[in-house]
Amino acid sequence: MMAVTKRVGLVVWVYSLKQIRALRHYGTVMYVSKKMKYVYLYLDQDQVAETQAKLQKLRFVKSTQVSMRPELATEYGPDADTAMNRLKKAAQEEV
């Protein structure tokens, strides 16, 4: 059985979009914004730190950011552990 590897997104802000082909060596290019000049890469979670360090050394890269999507809550509803539901529970306990 195949094991599922954890993947994470990496936003790479660039000066020019001419070097997008070079970024394919570091991960899977998922999206390119021509207007805002950034590239969204997908790569394995265990390779993020070393890939981010390599990308920072490239001349055409302004900065890099790791995607915050894994930390965001993706379950919604009355049973989900969201901040709003915790506040409601705390208010009910006080009464």
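Here is a short walk through the chain, from its overall layout down to one residue. Keep in mind that you're looking at a predicted model.

Start with the building blocks. The chain holds three helices and four strands. Follow them from the N terminus and you'll meet them in the order β-α-β-β-α-β-α.

Now zoom out to the overall shape. With 95 residues, a compact globule would come out at a radius of gyration near 12 Å, yet this chain has 19 Å. Put a box around the C-alpha atoms along the principal axes, and that box is roughly 60 × 40 × 20 Å.

What about inside and outside? Buried residues account for 26% of the 95 in the chain. The exposed surface adds up to about 7,900 Å², and 54% of that comes from carbon and sulfur atoms. As for charge, there are 16 positive and 9 negative charges, and their mean positions sit 21 Å apart.

The contacts say something about how the chain meets itself. Take those between residues at least 6 apart in sequence: 59% of them link residues at least 24 apart.

Finally, let's settle on a single residue, Ile 20. You'll find Ile 20 in helix H1, which covers residues 20-23. Is Ile 20 buried or exposed? Its relative accessible area is 17%, and buried means under 20%, so Ile 20 counts as buried. Leaving aside residues up to four places away in sequence, Ile 20 touches Val 32 and Val 39. Val 39 is 19 residues away from Ile 20 in sequence, while in space the two are 7.8 Å apart, C-alpha to C-alpha.

Conventions. Residues numbered from 1 in each chain as written. Predicted model: local features only at pLDDT ≥ 70, side-chain atom pairs only at ≥ 80, totals over all residues. Heavy atoms only, no water. Helix = DSSP H or I, 4+ residues; strand = E, 2+ residues; numbered from the N terminus. Rg over C-alpha atoms; globule rule 2.2 N^0.38 Å. Buried < 20%, exposed > 50% of the residue type's maximum accessible area, 1.4 Å probe, protein only. Contact = heavy atoms within 4.5 Å. Areas by Shrake-Rupley, 256 points an atom, 1.4 Å probe, with all protein chains shown as cover. Lys, Arg positive; Asp, Glu negative; His and termini not counted. Charge placed at Lys NZ, Arg CZ, Asp CG, Glu CD.
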